[in-house]
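Trainee: I would like to go through this model with you and test the labels one by one. Let us set each value against its cut-off.

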Amino acid sequence: MFPGVAVITGAGGTAKAFATAGCERIAITDLNEESLQKTAETITSTHPKTHLLVKAGNVADDRFADSFINAVVQQFGRVDYAVNCAGVLGKPMRSAETTLEEFDRVNNVNYRGCWLSSRAELRQMASQSELPSHDPNRPGQRGSVVNVASQLGIVSRPGAPAYCASKSAVIGMTRADAIDYSQDGIRVNCVCPGVIETPLIMEKPEVRAAITPAVEIAPMKRMGQPAEVADAILFLCSTQASFVQGHAMVVDGGYVTV
Ligand SMILES: NC(=O)c1ccc[n+]([C@@H]2O[C@H](COP(=O)([O-])OP(=O)(O)OC[C@H]3O[C@@H](n4cnc5c(N)ncnc54)[C@H](O)[C@@H]3O)[C@@H](O)[C@H]2O)c1
């Protein structure tokens, strides 16, 4: 199902999901070397056929974002599926209390880092040959980018102006890139997760407490699992989504419908 090369920033569950789905060439990066190595070890032990490129770094650094994709192309020759997951949460503050440092910290990773990563990925995808389709009803594709935004890019919640803005920016950028790269055979979509049970949420008791009301508001009244978001990402990357372009796919237990 995934004959090409996958690239994942902010690696974790999504990288494992690509390996489980049969992708055999995967490049992963994350700022946190320890969690990156853990992800690599899990993939290597559960999917020994997978060829992995593992490179720690900061996606908000333009030189790193470019050098990571250069390293992927040097090792694997191309980039077919690119998932930009790297992200941070904002501190709970209204705009008047938010410092410039806090605004920049959040936007530098969530928006600028996502843009820098997708810029490097799109440059490569636009320059490479199409991966042929084996389905006569679907064209081949040069690449598919999935950016990870948030339900908070669509609706807001108290005390999160920098985070909400950073995720709205990702949705806007996704739509603009979808328009610009359609004629290059590249699809660009994003997922907007609701509250998902990941380290970002679970590691700090104060964060868990702060998101409880959001879980209660959502019609399904539970946290999502990383696999539920990864499945949406896999779908958007796959040829099954060959006519899905510029879409912000909400995976949130119904939160934004209320
Ligand atoms: N967990 C949720 O409830 C939730 C909800 C909506 C959106 N999201 C988004 O999903 C994405 C993945 O988050 P997650 O929940 O898996 O959290 P997570 O903390 O497990 O994953 C985020 C990863 O990004 C990495 N990262 C942070 N800054 C980086 C940088 N400058 N360069 C490279 N890597 C960096 C972190 O080390 C971490 O491994 C994020 O963009 C987040 O905003 C999460």
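Mentor: Start with Ile8, whose bridge partner in β4 is Val83. Keep in mind that the model is predicted.

Trainee: What makes β1 and β4 a pair?

Mentor: Two strands pair if at least two bridges are found between them. Strand β1 (residues 5-9) and β4 have 4 bridges, in the parallel sense. The pairing therefore meets the cut-off of at least two bridges. Another of these partners in β4 is Ala82, which bridges to Val7.

Trainee: How do you know that β1 is largely enclosed by the rest of the structure?

Mentor: Count the buried residues. In β1, 5 of the 5 residues are buried, so the strand is largely enclosed. Buried means under 20% relative accessible area.

Trainee: Which residues of β1 cover each side?

Mentor: Val5, Val7 and Thr9 lie on one side, Ala6 and Ile8 on the other, and all are buried. In a regular strand the side chains alternate between the two faces of the sheet.

Trainee: What joins β1 to β2?

Mentor: 5 bridges, and the two strands run parallel. Strand β2 covers residues 25-29. In β2, Thr29 stands opposite Thr9, and Arg25 stands opposite Val5.

Trainee: Why is β2 called largely enclosed?

Mentor: Because 4 of the 5 residues of β2 are buried.

Trainee: And on to β3: how many bridges join β2 to that strand?

Mentor: 4 bridges, again with parallel strands. At least two bridges are needed for a pair, so β2 and β3 (residues 51-54) qualify with 4. Within this pairing, Ile28 stands opposite Val54 in β3.

Trainee: Which elements make right-handed β-α-β units?

Mentor: β1, helix α1 (residues 13-20) and β2 make one. β2, helix α2 (residues 33-46) and β3 make another.

Trainee: What makes such a crossover right-handed?

Mentor: Point the strands away from the viewer. The path from the first strand over the helix to the second then runs clockwise. The unit of β4, helix α4 (residues 100-127) and β5 is also right-handed.

Trainee: Back to β4, then. How do you know that both faces of β4 are covered?

Mentor: Check each side of residues 81-84. Tyr81 and Val83 are buried on one side, Ala82 and Asn84 on the other.

Trainee: What joins β4 to β5?

Mentor: 4 bridges, with the strands running parallel. Strand β5 covers residues 143-148. Asn84 has Asn147 as its bridge partner there.

Trainee: Why is Val148 in β5 called buried?

Mentor: Its relative accessibility is 12%. The cut-off for buried is under 20%. Val148 therefore counts as buried. Between Val148 and Asn137 there are 29 Å in space, C-alpha to C-alpha, for 11 residues apart in sequence.

Trainee: Why is Ala176 called partly exposed?

Mentor: Ala176 lies in helix α5, with 36% relative accessibility. Partly exposed is the range between the buried cut-off of 20% and the exposed cut-off of 50%. So Ala176 counts as partly exposed. From Ala126, Ala176 is 50 residues apart in sequence and 16 Å apart in space, C-alpha to C-alpha.

Trainee: Now the ligand. What makes the pair between Asn58 and the ligand a polar contact?

Mentor: A polar side-chain atom of Asn58 lies 2.7 Å from a nitrogen atom of the ligand. The cut-off is within 3.5 Å for a pair of N or O atoms, so this pair qualifies. A polar backbone atom of Val59 is 3.0 Å from a ligand nitrogen atom, and one of Gly194 is 3.3 Å from a ligand oxygen atom. Of the 810 Å² of accessible area that the ligand has on its own, the protein covers 86%.

Trainee: Which residues are closest to the ligand?

Mentor: Asp30, Asn58, Cys85, Ile196 and Thr198, out of 25 that surround the ligand. The shell divides into 15 nonpolar, 8 polar and 2 charged residues. Helix α6 gives the most to the shell, with 3 residues.

Trainee: One last label. What stands out in the phi of Lys221?

Mentor: Phi is near 50 degrees, a positive value in a residue other than glycine. Lys221 sits in the loop between α7 (205-217) and α8 (226-237).

Conventions:
Residues numbered from 1 in each chain as written. Predicted model: local features only at pLDDT ≥ 70, side-chain atom pairs only at ≥ 80, totals over all residues. Heavy atoms only, no water. Buried < 20%, exposed > 50% of the residue type's maximum accessible area, 1.4 Å probe, protein only. Near = heavy atom within 4 Å. Polar contact = N/O pair within 3.5 Å; in protein donor to acceptor, adjacent residues only side chain to side chain. Areas by Shrake-Rupley, 256 points an atom, 1.4 Å probe, with all protein chains shown as cover. Nonpolar A, V, L, I, M, F, W, Y, C, P; charged D, E, K, R; others polar.
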